[in-house]
Number of protein chains: 4
Amino acid sequence: MAQPDKRRRILDAAVTVFAQNGFYNSKVSQVAREAGVADGTIYLYFKNKEDILIQVFIDSMAAILARQETALANLTDPAEKLRVFIATHFNSVAESRALAEVLTVEVRQSSKFMRGTDMKPFGQYLGMIARIIDDGVVSGAFRSNVDSRLSARAIFGAIDELSLAWAMERGSAALSDACERVTAFFMTGLEA
Amino acid sequence: MAQPDKRRRILDAAVTVFAQNGFYNSKVSQVAREAGVADGTIYLYFKNKEDILIQVFIDSMAAILARQETALANLTDPAEKLRVFIATHFNSVAESRALAEVLTVEVRQSSKFMRGTDMKPFGQYLGMIARIIDDGVVSGAFRSNVDSRLSARAIFGAIDELSLAWAMERGSAALSDACERVTAFFMTGLEA
Amino acid sequence: MAQPDKRRRILDAAVTVFAQNGFYNSKVSQVAREAGVADGTIYLYFKNKEDILIQVFIDSMAAILARQETALANLTDPAEKLRVFIATHFNSVAESRALAEVLTVEVRQSSKFMRGTDMKPFGQYLGMIARIIDDGVVSGAFRSNVDSRLSARAIFGAIDELSLAWAMERGSAALSDACERVTAFFMTGLEA
Amino acid sequence: MAQPDKRRRILDAAVTVFAQNGFYNSKVSQVAREAGVADGTIYLYFKNKEDILIQVFIDSMAAILARQETALANLTDPAEKLRVFIATHFNSVAESRALAEVLTVEVRQSSKFMRGTDMKPFGQYLGMIARIIDDGVVSGAFRSNVDSRLSARAIFGAIDELSLAWAMERGSAALSDACERVTAFFMTGLEA
DNA sequence: TATGAATGAGGTTTCATTCAT
DNA sequence: AATGAATGAAACCTCATTCAT
């Protein structure tokens, strides 16, 4: 009987439903059914439908940011850091295709129209990549003429697109392969 | 007074409106007003609201595909081809921020849920990149161990993300700069 | 090229279309297509959509009234008159199932809501039956205690229902059989 | 304050509104207002507007069928049965002119266009009449040469038309009078 | 007379949100 | 905290009608 974390269950249900139908084609009642709660209960935990998506985004970004920080904690070599970052990203995505779809597609779509949604977590994520590159430039591991913000964004775009391709085509095994190849690819583009 | 191509005007209006509010937050009547036609007129040219978005996609992809083909027609050097391809993409995007937003965000979002939408034009676009890479591999200009499909997708992801960044931040006249830099970046990743 | 009676063609087309889809589910453009004219042309001959139905009714009733008058002209025996009346009704209906459906169903449905539609022709039709009965009562051929208005209405209801049954079930051959039987049936109810 | 059977209230409201304006000229919002519920509430109980009409038909036919069965339960004489059947029909109609109009006019009009509407209850109703006649033929009370299906349909057409006449003219308290007369009329047509 | 592209009012229906229980 | 029946605003789309040609 005791439903320990109802908020969590609603968020998970939302990810499933949003991934399947897209945010705008999903009905709050579908999320409620998937979560095993009444429609009204949703509104005890979230301000409105949009808020569910925002919280999915915030929670998920927090989780992946923490995960990246843990993964990178003991590394010093910039090339190795970037390799691990990319691998961690792909691993996170691999754990939940649904979440990957929601983050890459739905949030991107909707964020522009959600006034006051704090997109900082996304900026932080880009910032992590940029910092790795900057470190590499400073340490001499990477070319000195790379634009770290731009490269970070390009790298993110590439791995995000590959995640999405994987998410939509279900070609699951290929993901780790893609991870290795794309990493190698970028390394050559960066290394001094 | 009769505006010649009403279909064209509606499509242009739709791009503007969809870019501003997102497809699902846009009302057909807004598109009509922007196009300077009555609501019902829309339905003389399009099956329904979704169909407008689909036609935007089809028309725009056809235009950019044609443009790329023209641009690449007389080139033989794979590296040069890729350089031109990327430049052409950025130039196309630069001409209409709104169109860029609709193509990268709205179409991506919605295409999954539009049964029967032919995504082939997108496949063709990826195919163009892949073919350039394949040619480069054959000619020895590019490494032999690159996966052309994967690289194509990664490259597309990167330039698409950069387009989007530019589109959303409005600021950067930096697009052409980004173009050069990202091209150089990929070149190093590919060249033998 | 010369389309002699466009009004006639539109009315015929309307009967076909209304019988198939019902008045309210029929579109003016369908009638136009069926008649081989442009949508706008309809409005050169009819005030509006409802007017088409009204004219179908008026024209058809005039035709059947005239037909009945001709058929009954030389008859004197009330029983014979009634027999011929019923036969003429069934024959008229048999010539156009579509018209039968429109007259029995659509006009009945709609007449209540068409202000100012003159339902007199229908009253005249009932009146013809009633007069035959009255004559029969006077001549002693029919019972003296029959209520001619009531009986007329009952008889009309019966033959109308049978027409409709025939129209909907297409059981074409059965119509003349039904005609004979129902006539015999009513005769027994009336004859002194 | 909670009205017990909202479905019932909506059906009753629908009968009133449909009788007044006709099905196709009635707006769902009118039915809602008449029922004292919000527009959306209608759709908690009915699939769509058409479904309301279908349910009116199904419910009403079930009611009148049950009523006829009760009324006829203890009777054995075929002539008496028919007499009671017709009386029961007229009584049912007399209780609600609006319902009579909807059943005779609107349902008839629309049923053809409502795919999947089960018209069996109407067939059952006709079947009840036919069975009474068949019984009468077997028992020798009625002529042996009557066609029971045909006669049933004729009888139904007659009483339906008279109901409608009464419903539309509002005036006649004459309904029970009509009942007696038409019964007598048919008896003579049937009796051996 | 004839056309048919354009109009725009308005209805059906959906669904996020509320609130009495 | 939880429910889910009820709400009602709002949008897509249809289609009768008009009018410039």
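Start at the backbone: a polar backbone atom of Val28(C) lies 2.8 Å from a phosphate oxygen of DNA strand F. Bear in mind that this is a predicted model. Two other backbone contacts to the strand, from chains A and B, sit alongside that one in the table; the Gly40(A) partner is a base nitrogen, while Ser26(B) pairs with a phosphate oxygen.

| Residue (polar backbone atom) | Atom of DNA strand F | Distance |
|---|---|---|
| Val28(C) | phosphate oxygen | 2.8 Å |
| Gly40(A) | base nitrogen | 3.1 Å |
| Ser26(B) | phosphate oxygen | 3.4 Å |

Now zoom out to the whole surface around the strand. Which residues come nearest to DNA strand F? Out of 29 around it, they are Lys6(A), Thr41(A), Tyr45(A), Thr41(D) and Tyr45(D). On the DNA side, sugar and phosphate make up 70% of the strand F atoms that come within 4 Å of the protein.

Helix α3 (39–45) turns up in every one of chains A, B, C and D here, each copy giving at least two residues to the surface near DNA strand F. Sorted by class, that surface holds 12 nonpolar, 10 polar and 7 charged residues.

Over in chain D, there's some helix packing to look at. Helix α1 (residues 6–21) of chain D meets helix α4 (residues 49–72) of chain D at about 100°, the axes being 10 Å apart, so α1(D) and α4(D) are roughly perpendicular to each other. On the α1(D) side the contact uses Arg7(D), Arg8(D), Leu11(D), Ala14(D), Val15(D) and Phe18(D), and α4(D) brings Ile52(D), Leu53(D), Gln55(D), Val56(D) and Asp59(D). By class, the residues of this α1(D)–α4(D) contact come out as 7 nonpolar, 1 polar and 3 charged.

Terms used. Residues numbered from 1 in each chain as written. Chains lettered and ligands numbered in written order. Predicted model: local features only at pLDDT ≥ 70, side-chain atom pairs only at ≥ 80, totals over all residues. Heavy atoms only, no water. Near = heavy atom within 4 Å. Polar contact = N/O pair within 3.5 Å; in protein donor to acceptor, adjacent residues only side chain to side chain. Helix = DSSP H or I, 4+ residues; strand = E, 2+ residues; numbered from the N terminus. Nonpolar A, V, L, I, M, F, W, Y, C, P; charged D, E, K, R; others polar. Axes fitted to C-alpha atoms, helices over the stretch in contact; angles between N-to-C directions. Parallel < 35°, antiparallel > 145°, perpendicular 65-115°, else oblique. Contact = heavy atoms within 4.5 Å.
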